[in-house]
Amino acid sequence: MFSQSIIRSTGQFWKLLFSSIAMLAGSIVPMFPSVGMGWIPGTILAAAGLAFASYSISCPNCGIRWFWKAMSNLELQGWLVWMVSRPDCPDCKKDFREN
Ligand SMILES: [Zn+2]
């Protein structure tokens, strides 16, 4: 479904998935006290997931950090759509479908 996207064609989809799971787990798991993860470790896990995505998801050609750029420059509801739907880097315009 994301085959035309920069996040998929540059092989970085797993990073987005990994950080999403960390953010989700950090927000949800502390709601269940029996698991033993409190809100502080949960928040740290969620923040680590966010930081990982912000620093590791980048353009292999020009090095711009896509996740970070998307989060800081676009409307909140549009950033994910942008990253999973665009075939080219918004900065250097390299089209990764050709790889
Ligand atoms: Zn680029």
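Which residue's side chain is joined to that of Asp 88 by a polar contact of 3.5 Å? Read on to the last but one legend for that; the views start with the whole chain. Keep in mind throughout that this is a predicted model.

**View A. The overall fold is built from helices.**
The protein has five helices and zero strands, so to speak an α-α-α-α-α run when read from the N terminus. Of its 99 residues, 34% count as buried. Take the contacts between residues at least 6 apart in sequence: 53% of them join residues at least 24 apart.

**View B. Here we look into the largest nonpolar core.**
This core holds 17 residues, and the ones with the most contacts inside it are Ile 7, Leu 16, Ile 57, Trp 66, Phe 67 and Met 83. H1, H2, H4 and H5 each put in at least two residues, with H5 giving the most, four residues. As a general backdrop, nonpolar side chains in soluble globular proteins tend to be buried together.

**View C. Ile 57 and its neighbours fill this frame.**
Setting aside residues within four places in sequence, Ile 57 is in contact with Ile 7, Leu 16, Phe 52, Ile 64, Trp 66, Phe 67 and Met 83, and also with Gln 12, Lys 15 and Arg 65. Gly 11 sits 46 residues away from Ile 57 in sequence, yet their C-alpha atoms are 9.8 Å apart in space. You'll find Gly 11 in the loop between helix H1 (6–9) and H2. Gly 11 has a relative accessible area of 44%, so it is classed as partly exposed.

**View D. Ser 56 belongs to helix H3.**
Helix H3 covers residues 39–56, and Ser 56 is part of it. Is Ser 56 buried or exposed? Its relative accessibility is 17%, and because the cut-off for buried is under 20%, Ser 56 counts as buried. A polar atom of the Ser 56 side chain lies 2.6 Å from the backbone oxygen of Phe 52. Not counting residues up to four places away in sequence, Ser 56 touches Gln 12 and Lys 15.

**View E. This one shows the largest pocket.**
Its volume comes to about 160 Å³. There are 13 lining residues, and Leu 16, Ser 20, Trp 79, Leu 80 and Val 84 are the closest to the pocket's centre. Helices H2 (13–28), H4 (66–73) and H5 (79–85) each supply at least two residues of the lining; H2 has the largest share, with six. Sorted by class, the lining has eleven nonpolar residues, two polar ones and no charged ones.

**View F. Asp 88 lies in the segment after H5.**
Back to the opening puzzle: the partner is Arg 86, whose side chain makes the 3.5 Å polar contact with that of Asp 88. With a relative accessible area of 19%, Asp 88 is buried. Leaving out residues up to four places away in sequence, Asp 88 touches Ile 6, Lys 93, Lys 94 and Asp 95. Gln 4 is 84 residues away along the chain, and the C-alpha atoms of Asp 88 and Gln 4 are separated by 9.0 Å.

**View G. Lys 93 closes the set.**
Lys 93 is also placed in the segment after H5. What is the phi of Lys 93 near? It is near 65°, a positive value in a residue other than glycine. For context, most residues other than glycine have a negative phi. Lys 93 counts as exposed because its relative accessibility is 54%, and the cut-off for exposed is over 50%.

Definitions and conventions
Residues are numbered from 1 along each chain as its sequence is written. This is a predicted model: local features need pLDDT of at least 70, side-chain atom pairs count only at pLDDT 80 or more; totals for chains, interfaces and linings use all residues. Side-chain values use heavy atoms; hydrogens and water are left out. Buried means under 20% relative accessible area, exposed over 50%, partly exposed in between (1.4 Å probe, protein chains only). A polar contact is a pair of N or O atoms within 3.5 Å; within protein, one must be able to donate a hydrogen and the other to accept it, and residues adjacent in sequence count only if both atoms are side-chain atoms. Contact means heavy atoms within 4.5 Å. On a 1 Å grid over the protein atoms alone, a cavity is a set of points where a 1.4 Å probe fits but cannot get out, and a pocket is an open set with protein on both sides within 12 Å along at least five of seven lines; lining residues have an atom within 4 Å of a point. Grid points are joined across faces, edges and corners, and a volume is the space filled by probe spheres set on the points. Ala, Val, Leu, Ile, Met, Phe, Trp, Tyr, Cys and Pro count as nonpolar, Asp, Glu, Lys and Arg as charged, and the others, Gly among them, as polar. A nonpolar core is a set of buried Ala, Val, Leu, Ile, Met, Phe, Trp, Tyr and Cys residues joined through side-chain atoms within 4.5 Å.
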